[in-house]
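Me: I am new to this structure and would be grateful for a close look at a single part of it. Please describe its surroundings in one connected account.

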Amino acid sequence: MAAALGLWQLLTTLDVNLWLRFAQFPTVTDVARTFAGRLSGPDYWTDLTDSLTRIVTGFLLAAVLGVATGVLVARSRLAEDLLGPVVEVVRPVPAIALVPVAILLFPSNEQGIVFITCTAAFFPVLVSTRHAVRALAPVWEEAVRTMGGGRWRILSSVVLPGALPGIFGGLSVGIGVSWICVISAEMISGQYGVGYRTWQDYTIVDYPGVFVGMVTIGLLGWLTSTSVELVGRRLTRWLPRTSYVPGARPRPARARVTTTATRPAGPDAEEARDEHLV
């Protein structure tokens, strides 16, 4: 990050114009100065609150509806026959293309933006949930049925826990797509929000303000996606994980050689060996 910011500052300060026109870019100091001024005003925090409210509301609705629909389609042949064709026809349509539909359908722009945000995250969550449920081993369900478990027991003990890694994969994708669509919707039909303010800065040729909006969007997207990932790790803490440390070199495993002379004998040795294998 420091290298990227330093290169940005250098190219814009020197007004470099080698095919890419950095002379028209604001410098890092200009953006930082504008950012500090926005933080001291009330409009920035109003826009931030409105965008977060829209994204959280739409994403939570998409998470609930997407997981429920994905499980239903994966577990029911009738639901697959009824909903599958509709999902596959509507899914390729970009959520931002639904802005005219939202304007005509909902009585307020606020509800329309939440609808677009929900639609954007709904299909990634649905598809990932459907594939995760279908990939579960049938022997798990058969084991629950053998022990007397019913449909709801299978759903709570096998289907949902087993599909959680795939579900959170779809949620991670969905939160990113939601930010793209909510910002675009705010630019088109919003009254407040980070996207609306960024577009307004562009129309009045306030380029440092545009970059303030871009930085804000990036930070908000990073915070929300990180939150989803942390929740997913918390709920799937039973999964085996690698002990990966960024920047660290893997240590070679040391082979332990046990000779016959030094190997303990007797029942205690057999028990220790069995415990080690377990």
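Reply: The account below begins with one residue, Thr-129, and then turns to a patch on the surface and to the aromatic rings. The model is a predicted one.

Thr-129 is found in helix H6, which covers residues 109-134. Its relative accessibility is 0%, and because buried means under 20% relative accessible area, Thr-129 counts as buried. A polar atom of the Thr-129 side chain lies 2.7 Å from the backbone oxygen of Val-125. When neighbours within four places in sequence are left aside, Thr-129 is in contact with Gly-66, Val-67, Gly-70, Val-71 and Ile-167.

The surface offers another setting. There, a nonpolar patch is formed by Met-187, Ile-188, Trp-199, Tyr-202, Val-205 and Tyr-207, which together have about 590 Å² of accessible area. Helix H8 (151-189) and helix H9 (194-203) are the elements that give two or more residues to this patch. One of the patch residues, Tyr-207, is found in helix H10, which comprises residues 207-235. Tyr-207 has a relative accessible area of 36%; since this value lies between the limits of 20% for buried and 50% for exposed, Tyr-207 is described as partly exposed. Thr-129, by contrast, is buried.

Aromatic rings complete the account. The structure holds eight aromatic pairs. Ring pairs also link Trp-8, Phe-22, Phe-25 and Phe-211 into a cluster. In general, the distance of the centres and the angle of the planes describe a pair of aromatic rings.

Definitions and conventions: Residues numbered from 1 in each chain as written. Predicted model: local features only at pLDDT ≥ 70, side-chain atom pairs only at ≥ 80, totals over all residues. Heavy atoms only, no water. Helix = DSSP H or I, 4+ residues; strand = E, 2+ residues; numbered from the N terminus. Buried < 20%, exposed > 50% of the residue type's maximum accessible area, 1.4 Å probe, protein only. Polar contact = N/O pair within 3.5 Å; in protein donor to acceptor, adjacent residues only side chain to side chain. Contact = heavy atoms within 4.5 Å. Patch = residues over 30% accessible without salt bridge, like charges linked within 9 Å, V, L, I, M, F, W, Y side chains within 5 Å. Areas by Shrake-Rupley, 256 points an atom, 1.4 Å probe, with all protein chains shown as cover. Salt bridge = Lys/Arg side-chain N within 4 Å of Asp/Glu carboxyl O. Phe/Tyr/Trp six-rings, centres within 6.5 Å; stacked < 30°, edge-to-face > 60°.
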